[in-house]
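Here are a few exercises to work through with the model open beside you. Try each task before reading its solution.

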Amino acid sequence: MLFRARLLGEVDEEVIKLLILECKRKGLSSQTQNVYISAIKFYLYEIEKMNRKLDIRRPKKGHFLPTVLSHAEVMKILELTQNLKHRTLLALTYSAGLRVSEVVSLRIRDISFEEGVISVRGG
């Protein structure tokens, strides 16, 4: 890496920024890049007792969209579920757009079959 050619006490901001750019180029996650930055700063501040502050910006946390199943995939899951209780909960979760935590806290009294309404507590 870039640090092999230098003594660690002589590492400056530019070298650290190049290291982070290399991490991005290799496709490492922002969390991994933050671990590297923290480790380097710890070493320089605590071991080498460096006095000046480094102005290294940390990468923003990546945002990932959740995986959304197609209608056909959901129907296949429902068809393959043998247990009636499980199938009912899966169908209710999908059709009402409920989260797992909301389904877990559901009670029979929360569902009004006459009005076609589900009361969600703590949603």
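## Exercise 1: Salt bridges

This predicted model holds two salt bridges. Task: find which residues form them, and classify each partner as buried, partly exposed or exposed.

Solution.

Step 1. Begin in α1, where the side chains of Glu22 and Arg25 meet, with an N to O distance of 2.6 Å. A salt bridge here needs a side-chain nitrogen of Lys or Arg within 4 Å of a carboxyl oxygen of Asp or Glu, and the pair qualifies at 2.6 Å.

Step 2. Look at the spacing. Glu22 and Arg25 are three residues apart in helix α1, so about one helical turn separates them. An α-helix has 3.6 residues a turn, so residues three or four places apart point the same way.

Step 3. Classify the partners. Glu22 has a relative accessible area of 23%, so it is partly exposed. Arg25 reaches 62%, so it counts as exposed.

Step 4. Move on to Arg99, which pairs with Glu102; their closest N and O atoms are 2.9 Å apart. Arg99 is exposed, at 51% relative accessible area, whereas Glu102 is buried, at 10%.

## Exercise 2: The largest nonpolar core

Task: list the residues of the largest nonpolar core, and say which helix gives the most to this core.

Solution.

Step 1. Collect the members. There are ten: Ile16, Leu19, Ile20, Cys23, Ile37, Ile40, Leu44, Met50, Leu54 and Ile56.

Step 2. Assign them to helices. Both α1 and α2 supply at least two residues each, and α1 gives the most, with four.

Step 3. Check one member. Ile40 sits in helix α2. Its relative accessible area is 13%, and because buried means under 20%, Ile40 is buried.

Step 4. Put the core in context. In soluble globular proteins, nonpolar side chains tend to be buried together.

## Exercise 3: Nonpolar side chains on the surface

Task: find which residues form a nonpolar patch on the surface, then locate Leu28.

Solution.

Step 1. The patch consists of Leu28, Val35 and Tyr36, and together they have about 240 Å² of accessible area.

Step 2. Leu28 belongs to the loop between α1 (13-25) and α2 (30-47). With 31% relative accessibility, Leu28 counts as partly exposed.

## Exercise 4: The two ends of α4

Task: describe the span of α4, and what lies at its N-terminal end and just after it.

Solution.

Step 1. Helix α4 covers residues 84-96, 13 residues in all. From its first C-alpha to its last it reaches 18 Å, close to the 18 Å expected at 1.5 Å a residue.

Step 2. Turn to the N-terminal end, which Asn83 caps: one of its side-chain oxygens lies 2.9 Å from the backbone nitrogen of Lys85. Asn83 is in the loop between α3 (71-80) and α4, and it counts as partly exposed at 36% relative accessibility.

Step 3. Look past the helix. Gly97 follows α4, and its phi is positive, near 70 degrees.

## Exercise 5: Distances across the model

Task: find how many Å separate the C-alpha atoms of Ile40 and Thr81, and those of Asn83 and Glu22.

Solution.

Step 1. Ile40 and Thr81 are 41 residues apart along the chain, and their C-alpha atoms are separated by 51 Å.

Step 2. Asn83, the capping residue of α4, and Glu22, the partner of Arg25, are 61 residues apart along the chain, with 51 Å between their C-alpha atoms.

How values were computed. Residues numbered from 1 in each chain as written. Predicted model: local features only at pLDDT ≥ 70, side-chain atom pairs only at ≥ 80, totals over all residues. Heavy atoms only, no water. Patch = residues over 30% accessible without salt bridge, like charges linked within 9 Å, V, L, I, M, F, W, Y side chains within 5 Å. Areas by Shrake-Rupley, 256 points an atom, 1.4 Å probe, with all protein chains shown as cover. Buried < 20%, exposed > 50% of the residue type's maximum accessible area, 1.4 Å probe, protein only. Core = buried A, V, L, I, M, F, W, Y, C linked by side-chain atoms within 4.5 Å. Expected span 1.5 Å × (residues − 1). Polar contact = N/O pair within 3.5 Å; in protein donor to acceptor, adjacent residues only side chain to side chain.
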